[in-house]
Amino acid sequence: ITCEGGPVMVLPEQDCALLPVIHTTAEELSEYLWWEILVTHNLCALLVARGVQWMEVSVSERPGQGAHFRSLVARSVTPEARQR
């Protein structure tokens, strides 16, 4: 990985994943993971059947610093969600 300013970081390929996010902020990662859990793994119907209304995903960057994404589980069954 070549960073802004020229520094290079070398990571083992098996430890990496390309994610469809613009920036790797805790905010974007928490929202991405929320959708990944519900839509990609098709868990919405199961969670709704069990009475789950909301789901929240938290991503911590370090102690005391992070972000949360919380939304209605039913939101993941909309036509827009299927396009994610």
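# A tour from the H2–E1 loop

Select Val52 to begin: this residue sits in the loop between H2 and E1. Keep in mind that the model you have open is predicted. Val52 counts as partly exposed, because its relative accessibility is 29%. Show its surroundings. Leaving aside neighbours within four places in sequence, Val52 is in contact with Leu47 and Val73. Now add Leu29 and draw a C-alpha to C-alpha distance. Val52 and Leu29 are 23 residues apart in sequence and 22 Å apart in space.

**Next stop: helix H1**

Select residues 26–40, which make up helix H1. How far apart are its end C-alpha atoms? They are 20 Å apart. The 15 residues should span 21 Å at 1.5 Å a residue, so the model agrees with the expected span.

Colour the buried residues of H1: Ala26, Ser30, Tyr32, Trp34, Trp35 and Leu38. Look down the helix axis while they are coloured. An α-helix has 3.6 residues a turn, so residues three or four places apart point the same way.

Stay in H1 and pick Ser30. Is Ser30 buried or exposed? Ser30 is buried, because its relative accessibility is 1%, and the cut-off for buried is under 20%. Show what touches Ser30. Leaving aside neighbours within four places in sequence, the contacts are Val57, Val59, Ala67, His68 and Phe69. Keep those five residues displayed for the hairpin stop.

**Just past the helix end**

Move on to Asn42, in the loop between H1 and helix H2, which covers 44–49. Check the backbone here. Just after H1, Asn42 takes a positive phi of about 50 degrees, although Asn42 is not a glycine. Asn42 has 62% relative accessibility and therefore counts as exposed.

**The hairpin of E1 and E2**

Select residues 54–62 for strand E1 and residues 65–72 for strand E2. The two strands pair in the antiparallel sense over 8 bridges. Zoom in on the turn. The hairpin has 2 residues between the strands, and Gly64 takes a positive phi near 85 degrees.

Now pick Glu56, in strand E1. Which residue of E2 is the bridge partner of Glu56? The partner is Arg70. Glu56 touches His68, Phe69 and Arg70, not counting residues up to four places away in sequence. His68 and Phe69 are also among the contacts of Ser30. At 46% relative accessibility, Glu56 is partly exposed, because the value lies between the 20% and 50% cut-offs.

Cross to Ser71, in strand E2. Draw the C-alpha to C-alpha distance back to Glu56. Glu56 and Ser71 are 15 residues apart in sequence and 6.7 Å apart in space. Ser71 counts as buried because its relative accessibility is 8%. Not counting residues up to four places away in sequence, Ser71 touches Trp34, Gln53, Trp54 and Met55. Trp34 takes you back to H1, where it is one of the buried residues.

While the hairpin is on screen, look at it edge-on. In a regular strand the side chains alternate between the two faces of the sheet.

**Last stop: the surface**

Switch to a surface view and go to Ile1, in the segment before H1. Ile1 counts as exposed because its relative accessibility is 58%. Add Met9 and Leu11 to the selection. Ile1, Met9 and Leu11 form a nonpolar patch on the surface. Together they have about 300 Å² of accessible area.

How values were computed. Residues numbered from 1 in each chain as written. Predicted model: local features only at pLDDT ≥ 70, side-chain atom pairs only at ≥ 80, totals over all residues. Heavy atoms only, no water. Helix = DSSP H or I, 4+ residues; strand = E, 2+ residues; numbered from the N terminus. Buried < 20%, exposed > 50% of the residue type's maximum accessible area, 1.4 Å probe, protein only. Contact = heavy atoms within 4.5 Å. Patch = residues over 30% accessible without salt bridge, like charges linked within 9 Å, V, L, I, M, F, W, Y side chains within 5 Å. Areas by Shrake-Rupley, 256 points an atom, 1.4 Å probe, with all protein chains shown as cover. Salt bridge = Lys/Arg side-chain N within 4 Å of Asp/Glu carboxyl O. Pairing = 2+ DSSP bridges. Expected span 1.5 Å × (residues − 1).
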